[in-house]
Amino acid sequence: WSDSDSVFGSYPEGFNVLENIVAFSAKVDEAGEHLENFSFSTQNDEENYARFVEKAAERYDGDGKDDMPGLLYAHNYLQIEDEAQNLGDAWQASSNCDSKKTDQTAYYQCGAQEYGETLKLAYEGARETNPNSKIISFSFNPGDYFDQNIYPSISPNSNPKVAFFDYVFKNYNSYFDTIGVNCNYGYQGIPGFISYVRNTYKLNKPIMCVDAGTMPMLTRSQFIKQDKYLNKYPFMSDSDILAVLDNGTSDPKFAEIKPWWEGEKSKISVKKAVVAKGAGVEKLFLQFGIAEPKTHGLTQNPWTHSGLISSGMSKMNDGSIGTPRTILYAAEQLVEKTDDLNSIQNLNPLPLDSDPKTWIWIYKFNSRDKTVYIAWKDEQEGKADLSSFIGKGDVKITPMVTKLDSSFNPIYEKSSTVSSGEVPLSSTPVYIE
């Protein structure tokens with residue numbers, strides 16, 4: 001348990017942490033790497049896997065029995081595999097499914113059945129030792145499909161990965177407590193995606209974005225041919241930007257690119273959280289920043305630079321390991337502003353034929369005695385008349401945090417009072433009270 005203990009022991013109290021349980025087969029690829037798998041050839045293998053999940057659930061449940069030494073608090077969220085629908089990539093169905101490869105839908109359904117049996121083993125194993133375990137299904141990742149097609153037509157017959165998702169949700173829905181989805185691209189398509197899941201499967205289970213990691217390029221690349229959305233650096237490719245970040249302080253462009261990257265990451269994350277909560281998502285899990293650099297290294301991989309905290313590499317010039325990045329302060333600010341508000345409403349839903357880049361996004365968070373609005377506009381910034389949404393009169397506006405000072409402390413811009421008919425909006429969300 002040394003690797004997982006070192007990671008779980010690094011989290012400060014107050015963070016919900018997602019355990020992702022992954023199975024590897026004895027089979028190796030051409031590079032000698034063990035392939036991730038979710039099929040077991042013998043009953044003994046199945047029993048060993050179930051026993052492993054039991055022990056993993058027990059070790060981090062905080063009940064004082066067989067816990068990790070020094071564990072600060074319980075970790076009860078367990079996801080069983082990640083993006084399991086990506087057969088033929090990292091995941092491999094067993095040879096039992098090979099005969100179906102000529103029919104991609106049938107092949108993916110065969111793999112889904114194997115995953116479903118593994119999900120059942122894990123669910124029963126975790127509950128054996130930790131009845132408080134919250135088992136999350138694999139996270140279905142549609143990429144930017146819903147972002148590019150705000151109201152798409154999608155079905156198991158049109159996409160084999162959807163066929164995988166469909167088979168698990170219809171045949172194994174007794175073996176997970178929470179629906180896991182990936183929200184690691186843009187935010188525009190989240191309402192359509194969540195609506196699709198809700199309306200198609202009608203499962204009375206909470207939905208969580210188990211991967212809400214944010215990198216500017218994942219949202220800028222889909223619009224790169226349209227007005228250079230989020231594209232302050234149109235002369236640089238995604239790989240060029242990542243190369244600068246990997247090079248760190250030795251690169252002359254780093255001092256400009258790094259703050260831009262962290263600021264954009266923060267803005268997208270807040271928008272994503274607001275839109276997801278407005279669509280009914282219960283929780284979002286972000287990349288923390290301890291595991292990702294170890295996993296991906298400095299290989300022009302955006303996940304290396306996705307975390308909430310510094311990974312401690314000196315050339316990144318963002319403090320010692322664990323130093324909060326801008327995105328963590330932005331997330332904390334969002335929680336402080338809205339966490340005690342139990343109602344959220346999208347005041348200006350995006351119509352079918354509208355451009356999400358020029359649309360005014362405005363959400364209302366409220367309880368009996370407090371109301372906070374959050375609004376932004378990705379392009380064509382300027383003063384906007386919001387009086388039809390929030391009423392006439394003066395309001396206090398507070399921009400979200402997007403920068404740190406030289407000591408890595410957040411720079412909070414001062415609030416100002418303006419007329420609700422002249423609220424300055426830009427791609428940086430503002431809190432309106």
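Begin with the interior space of this predicted model: a search for cavities of 30 Å³ or more returns a count of 1, and the largest cavity holds about 80 Å³. To centre the view there, select Gly 143, Asp 147, Asn 182, Gly 186 and Ile 190, which are the closest to the cavity's centre among the 13 residues that line it. Then colour helix H4 (145–148) and helix H6 (190–201), the elements that each give two or more residues to this lining. If you colour the lining of the largest cavity by residue class, you will find 6 nonpolar, 6 polar and 1 charged.

Next, select the three strands E1, E4 and E6, which form an open sheet in that order with parallel pairing. Strand E1 (18–21) and strand E6 (134–136) are the edges, each pairing on one side only, and the twist from one strand to the next averages 30°. Zoom in on strand E4 (residues 77–80), which runs parallel to E6 and is joined to E6 by 3 bridges; here Leu 78 stands opposite Ile 135 of E6.

With that sheet still displayed, add the helices that accompany it. Helix H2 (residues 43–59) lies across E1 and E4, and runs at about 165° to E1. H3 also packs on the sheet, where H3 touches E4 and E6 and its direction makes about 160° with that of E4.

Keep helix H3 (residues 104–129) selected and add helix H5 (residues 160–171): the axes of the two come within 8 Å and cross at roughly 35°, in a crossing that is right-handed. To see the contact as side chains, show Gln 104, Thr 105, Tyr 108, Gln 109, Gly 111, Ala 112, Gln 113, Tyr 115 and Leu 119 on the H3 side, and Pro 160, Lys 161, Ala 163, Phe 164, Tyr 167 and Val 168 on the H5 side. Sorted by class, the residues in this contact between H3 and H5 are 9 nonpolar, 5 polar and 1 charged.

Now move to the six-stranded sheet, which is open and antiparallel, with its strands in the order E10-E11-E12-E17-E14-E15. Its edge strands are strand E10 (343–346) and strand E15 (416–419), each of which pairs on one side only, and neighbouring strands are turned against each other by 30° on average, with direction ignored. Within this sheet, select strand E14 (residues 394–399) together with strand E17 (residues 430–432), which pair in the antiparallel sense over 3 bridges; one position to label is Thr 398, whose bridge partner in E17 is Tyr 431.

Finally, bring in the helices that pack on this sheet. Helix H9 (residues 254–278) touches E10, strand E11 (361–366), strand E12 (371–376) and E17, and its direction makes about 65° with that of E11. Helix H11 (residues 326–338) touches E11, E12, E14 and E17, and its direction makes about 10° with that of E17. To end the tour, display E11, E12 and E17 with both helices, as these strands are touched by H9 and also by H11.

Methods: Residues numbered from 1 in each chain as written. Predicted model: local features only at pLDDT ≥ 70, side-chain atom pairs only at ≥ 80, totals over all residues. Heavy atoms only, no water. 1 Å grid on protein atoms, 1.4 Å probe; cavity = no way out; pocket = protein on both sides within 12 Å on 5 of 7 lines; lining within 4 Å. Points joined across faces, edges and corners; volume = space filled by probe spheres on them. Helix = DSSP H or I, 4+ residues; strand = E, 2+ residues; numbered from the N terminus. Nonpolar A, V, L, I, M, F, W, Y, C, P; charged D, E, K, R; others polar. Pairing = 2+ DSSP bridges. Axes fitted to C-alpha atoms, helices over the stretch in contact; angles between N-to-C directions. Contact = heavy atoms within 4.5 Å. Left-handed = near helix turned anticlockwise from the far one by under 90°.
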